[in-house]
Amino acid sequence: MATAEMRRVARTGINFSNIIGTYFFVDTAIIVCLTVLMASGWRRFLHEVEKLELIWTRWPYNLRRDNLKLNCWILTMLWMFFATVEHCLASSVQVYIQYQESLRCNWIYSNAMKNYAHRNYAYIFNWMPYNVPVLFFVRYVTYSVTMAWTYQDILIMVISAYVLTRYRQFFWRIEVACNGTVLPTESFWVEIREHYVIISEFLVHVDKMYSPLVLSSCCNNVFLICYLLLHSLKPHAYAISFVYFWYTLCFLIGRTLTTLWIAAELNREKRSALRVVQRISSDGWCTELERYYLLLRAEVGALSGSRFFYLTHQTTFTIVAVIFTYELVMIKYSRMTAADVGIPENCSAMAFSQD
């Protein structure tokens with residue numbers, strides 16, 4: 001599909017109105033490849049999780065109750081539902097616009113499904129005869145790869161929520177001990193430092209495994225938000241198009257902010273733990289506490305995008321600034337290219353102007 005889209009763009013020319021199809025298939029293919037690559041190391045990852053769970057599901061960490069499983073289910077089901085609604089709206093808009101076009105142009109056709117296939121998937125059915133099984137397969141593939149965008153962000157949300165929960169259990173134990181009437185002994189800090197090394201190594205392993213997906217997610221979300229904002233001022237011929245556009249924009253911004261916020265909480269939690277240690281009086285300090293404190297200060301404690309950046313709350317504001325900058329570039333470039341490149345003329349029988 002990506003190859004067929006690139007052939008079409010090569011014929012019609014490129015602008016920000018017709019490149020989205022090529023970008024869609026290329027980007028989702030990259031996401032699928034990254035997910036498969038990540039799955040190849042899943043057994044080793046589960047071994048690391050098991051090593052962590054042997055400690056964090058026992059006393060005293062299990063005294064803090066966090067609904068981790070419920071939170072992960074809510075995140076997954078909620079955003080998959082929103083993504084499915086967005087896809088259904090997109091399909092409804094396509095069908096409704098073509099129906100209105102047939103009324104406006106006085107087109108009469110005996111097979112509405114065949115007309116839909118040729119109008120929306122000309123880059124496939126121009127190369128092969130129309131048949132229903134292929135159409136349904138194409139629709140299935142389109143839905144699946146569309147979900148890949150959301151699935152990518154959900155993976156980051158869920159693993160961030162898991163690591164964040166374990167960090168909170170760990171720092172909660174320290175805070176409770178430090179707020180007691182008797183200050184913790186050196187043996188306590190020996191165990192704390194050992195456990196902190198374990199959870200820090202786990203975070204390094206998670207970052208190594210997920211960082212390509214984080215980089216892909218951030219780049220993809222920035223581009224899509226810029227693309228939608230570029231078309232936000234254009235008039236919509238039908239109410240359903242208006243509803244679909246603004247639902248998609250709000251869905252995309254909400255999904256991006258949720259992903260960034262959950263991942264950034266890791267870094268915020270670590271900074272909160274640092275302040276707890278700094279409040280300990282000099283009487284409670286010992287060699288092991290100092291070593292733990294130095295470890296805490298030295299590490300970033302956040303997921304990264306292949307080490308190009310770390311997901312912190314500051315990164316969220318940086319991404320907003322990047323979106324603003326890229327938007328200006330896209331506006332300038334869109335004015336330099338013909339606005340109707342690849343767009344069919346009114347009542348044209350072709351799906352694209354040069355097909």
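This passage walks through the helices, one pocket and a few individual residues of the protein chain.

The model is predicted, so local features are taken at pLDDT of at least 70 and side-chain atom pairs only at pLDDT 80 or more, while totals for chains, interfaces and linings use all residues. Residues are numbered from 1 along each chain as its sequence is written, and side-chain values use heavy atoms, with hydrogens and water left out.

The protein chain holds eleven helices and zero strands; helices (H or I, at least four residues) and strands (E, at least two) are DSSP runs, numbered from the N terminus. Of its 355 residues, 48% count as buried, where buried means under 20% relative accessible area, exposed over 50% and partly exposed in between, with a 1.4 Å probe and protein chains only. Contact is defined by heavy atoms within 4.5 Å. Among contacts in the protein chain between residues at least 6 apart in sequence, 79% join residues at least 24 apart.

Two of the helices can be checked for span, the expected value being 1.5 Å times one less than the number of residues. Helix 2 (residues 20-40) has 21 residues and should therefore span 30 Å, in agreement with the 30 Å between its end C-alpha atoms. For helix 4, with 37 residues, the expected span is 54 Å, and its end C-alpha atoms are likewise 54 Å apart. Beyond the end of helix 4 comes Asn 106, whose phi is positive, near 55°.

Helix 2 also shows which of its residues are hidden from the surface. The buried ones include Gly 21, Thr 22, Tyr 23, Phe 24 and Phe 25, and further along Asp 27, Thr 28, Ile 31, Thr 35 and Met 38 are buried too. As background, an α-helix has 3.6 residues a turn, so residues three or four places apart point the same way.

The second largest pocket offers about 380 Å³ of space. A pocket here is an open set of points on a 1 Å grid over the protein atoms alone, where a 1.4 Å probe fits, with protein on both sides within 12 Å along at least five of seven lines, and lining residues have an atom within 4 Å of a point. The volume is the space filled by probe spheres set on the points, which are joined across faces, edges and corners. There are 14 lining residues, and the closest to the centre of this pocket are Trp 42, Cys 72, Val 158, Ile 159 and Tyr 162. Helix 3 (42-56), helix 4 (68-104) and helix 7 (132-178) each give two or more residues to the lining, with helix 7 giving the most, six residues. The lining divides into 13 nonpolar residues, no polar and one charged; Ala, Val, Leu, Ile, Met, Phe, Trp, Tyr, Cys and Pro count as nonpolar, Asp, Glu, Lys and Arg as charged, and the others, Gly among them, as polar.

Several buried residues have partners that lie elsewhere along the chain. Ala 83, in helix 4, is buried with a relative accessible area of 2%. Not counting residues up to four places away in sequence, Ala 83 touches Met 147, Thr 150 and Phe 251. Ala 83 and Thr 150 are 67 residues apart in sequence, yet their C-alpha atoms are 6.7 Å apart. Val 138, in helix 7, is also buried, at 2% relative accessible area, and its C-alpha atom is separated by 8.5 Å from that of Tyr 121, 17 residues apart along the chain. His 205 is found in helix 8 (residues 186-230) and counts as buried at 14% relative accessibility. Leaving aside neighbours within four places in sequence, His 205 is in contact with Arg 44, Phe 45 and Glu 48.

The loops bring some backbone details. Pro 60, in the loop between helix 3 and helix 4, is joined to Trp 59 by a cis peptide bond with omega near 5°. Between helix 10 (287-298) and helix 11 (313-336) lies Ser 306, which is not a glycine but has a positive phi of about 55°. Ser 306 is partly exposed, at 28% relative accessible area. Arg 307, in the loop between helix 10 and helix 11, also has a positive phi, near 70°, and counts as exposed at 52%.

Finally, the structure holds zero disulfides, a disulfide being a pair of cysteine sulfur atoms within 2.5 Å. Cys 33 counts as exposed at 53% relative accessibility, whereas Cys 178 is buried at 13%.
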